[in-house]
Amino acid sequence: MPTDIEIARAAKLEPILTIAERAGIPAKALHLYGNYIGKVDLGFLADARERAKRRAKSKLIMVTAINPTPAGEGKTTTAIGLADALRRLGKHIIMALREPSLGPCFGVKGGATGGGRAQVGPMEAINLHFTGDIHAISSAHNLLAAMLDNHLYFGNQLNLDLRRISFGRVVDMNDRALREIVIGLGGNGYARESRFDITAASEIMAIFCLARDIADLQHRLARVVVGFTHDRKPVTAEQLSASDAMTVLLKDALMPNLVQTLEGTPVFMHGGPFANVAHGCNSVIATSAALSLADYVITESGFGADLGAEKFFDIKCRQAGLEPCASVVVATLRALKMQGGVAKA
């Protein structure tokens, strides 16, 4: 039986312009990243949302799972299989999924594009750097961290308390040695404790995926709290004059990525916050875009129903005004056994 990567490499993907046409996206609204990946222009999506208000409401379906095991329970493969099946039945459907982080790709989890014949392609390109969205988020996050330390170095006019700085740095890799660090040594600022999180755990990632458009993103970034003054008042990115520059770094990343399943179903794959530290859902922009174009939209939430699905309903849906019509819960014997005390092996 062929492996996932053998199946992915043997698959004959359709040109992304064909997938865009299938989704209802004109060629002029697509920014090409090779033959099989594209980014969709935000101006076109804004027009599409206005047109969608004048037609029948699309149906949003969310896929989740019971308490997962370390091996995973197959939410993505189930979601992809459901989407492909609905398209075979003649339904106009688009998927909206998270994009993978490099850390888990090189860890136990592996990639995040499904498995077997229920995969999104081009699998290797998506799992390795993709269109650079996560790297852009890393840059925006670390720009704010650098501007914070620069502010301290040149006098600390905002009177930030070094003991109450809450904003660290990020890197898109599992690097345990960087979780707790000391910075500012060698005369390069004030020596203090800090940390590196993985980019998927960045507050900027969570904000990026909840923003409705670039103006909303800019307003949300301005309100990021980096720490507190000696009299316990919050200090924000706007006070450090960082939010505008951060928005500029994210302007291209904010365009949702268009790819396809191995059967040619259109997929928006955009944003990737973890569900244990953030809301664990793909971007509001991608989900809203899919709803404005298709009759059915399949999406998923991270981790199990008790974590990612709760956050999908309580955070993403409320923030974006989404109204899901159904949920699919993946339940496996393996997970039931493990939750009952049976060893993973």
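Trainee: At the start of H8, which backbone nitrogen does a side-chain oxygen of Ser-202 reach to?
Mentor: Bearing in mind that this is a predicted model, a side-chain oxygen of Ser-202 comes to within 2.9 Å of the backbone nitrogen of Ile-204, at the start of H8.

Trainee: And how many residues of helix H8 are buried?
Mentor: Helix H8 covers residues 203-210, and 7 of its 8 residues are buried, so the helix is largely enclosed by the rest of the structure. The buried ones are Ile-204, Met-205, Ala-206, Ile-207, Phe-208, Cys-209 and Leu-210.

Trainee: What covers them?
Mentor: The cover over the buried residues of H8 includes helix H7 (133-153), helix H9 (214-222) and helix H10 (243-250), together with H11 and helix H12 (305-320).

Trainee: Ile-204 came up twice, so which residues does Ile-204 touch?
Mentor: Leaving aside residues up to four places away in sequence, Ile-204 touches Ile-137, Ala-140, His-141, Phe-167, Leu-221, Val-224, Met-246 and Leu-250. Ile-204 also belongs to the largest nonpolar core, which has 62 residues, and it is listed with Ile-25, Leu-144, Leu-250, Leu-258 and Phe-268 as the members that touch the most other members.

Trainee: Which helix gives the largest share of this core?
Mentor: That is H7, from which 8 residues of the core come. There is also a second, separate core of 20 residues, and among its members are Met-95, Leu-97, Ala-118 and Val-259. As background, nonpolar side chains tend to be buried together in soluble globular proteins.

Trainee: Switching to strands, how many residues of E14 are buried?
Mentor: For strand E14, residues 257-261, the count is 5 of the 5 residues, so this strand is largely enclosed by the rest of the structure.

Trainee: Which strand is joined to E14 by 3 bridges?
Mentor: That is E15, which pairs with E14 in the antiparallel sense, and within this pairing the bridge partner of Leu-258 is Phe-268 in E15. Strand E2 (residues 38-40) is also antiparallel to E14 and is joined to it by 2 bridges, with Gly-38 standing opposite Leu-258. Strand E6 (residues 118-121) likewise runs antiparallel to E14 with 2 bridges, and there Gly-121 has Gln-260 as its bridge partner.

Trainee: What about the hairpin of E14 and E15, which residue takes a positive phi there?
Mentor: In that hairpin, which has 4 residues between the strands, Gly-264 takes a positive phi near 90 degrees. In the hairpin of E5 and E6, with 2 residues between the strands, Gly-116 takes a positive phi near 60 degrees. E5 (residues 114-115) and E6 are antiparallel and joined by 2 bridges, and Gly-114 stands opposite Gln-119 in E6.

Trainee: Which residues point one way from E6, and which the other way?
Mentor: Ala-118 and Val-120 point one way, while Gln-119 and Gly-121 point the other way, and all of these are buried.

Trainee: New topic: where is Asn-282 found?
Mentor: Asn-282 sits in the loop between strand E15 (266-269) and helix H11 (284-293).

Trainee: Is that residue buried or exposed?
Mentor: Asn-282 has a relative accessible area of 0%, so it counts as buried. Its side chain makes a polar contact with the side chain of Thr-287 at 2.9 Å, and another with the side chain of Thr-299 at 2.9 Å. Among the residues that Asn-282 touches, not counting those up to four places away in sequence, are Cys-209, His-270 and Lys-316.

Trainee: Last topic, how many aromatic pairs does the structure hold?
Mentor: The structure holds 2 aromatic pairs. In one, the rings of Tyr-153 and Phe-154 have centres 5.0 Å apart and planes at 80 degrees, so the pair is edge-to-face. In the other, the rings of Phe-312 and Phe-313 have centres 5.3 Å apart and planes at 75 degrees, so this pair is edge-to-face.

Trainee: And are Phe-312 and Phe-313 buried or exposed?
Mentor: Phe-312 is buried, with a relative accessible area of 0%, whereas Phe-313, at 34%, is partly exposed. In the other pair, Tyr-153 counts as partly exposed at 48% relative accessibility, and Phe-154 counts as exposed at 55%.

Notes:
Residues are numbered from 1 along each chain as its sequence is written. This is a predicted model: local features need pLDDT of at least 70, side-chain atom pairs count only at pLDDT 80 or more; totals for chains, interfaces and linings use all residues. Side-chain values use heavy atoms; hydrogens and water are left out. Buried means under 20% relative accessible area, exposed over 50%, partly exposed in between (1.4 Å probe, protein chains only). A polar contact is a pair of N or O atoms within 3.5 Å; within protein, one must be able to donate a hydrogen and the other to accept it, and residues adjacent in sequence count only if both atoms are side-chain atoms. Contact means heavy atoms within 4.5 Å. A nonpolar core is a set of buried Ala, Val, Leu, Ile, Met, Phe, Trp, Tyr and Cys residues joined through side-chain atoms within 4.5 Å. Rings of Phe, Tyr and Trp (its six-membered ring) pair if their centres lie within 6.5 Å; planes under 30 degrees apart count as stacked, over 60 as edge-to-face and the rest as tilted. Two strands pair if DSSP finds at least two bridges between them.
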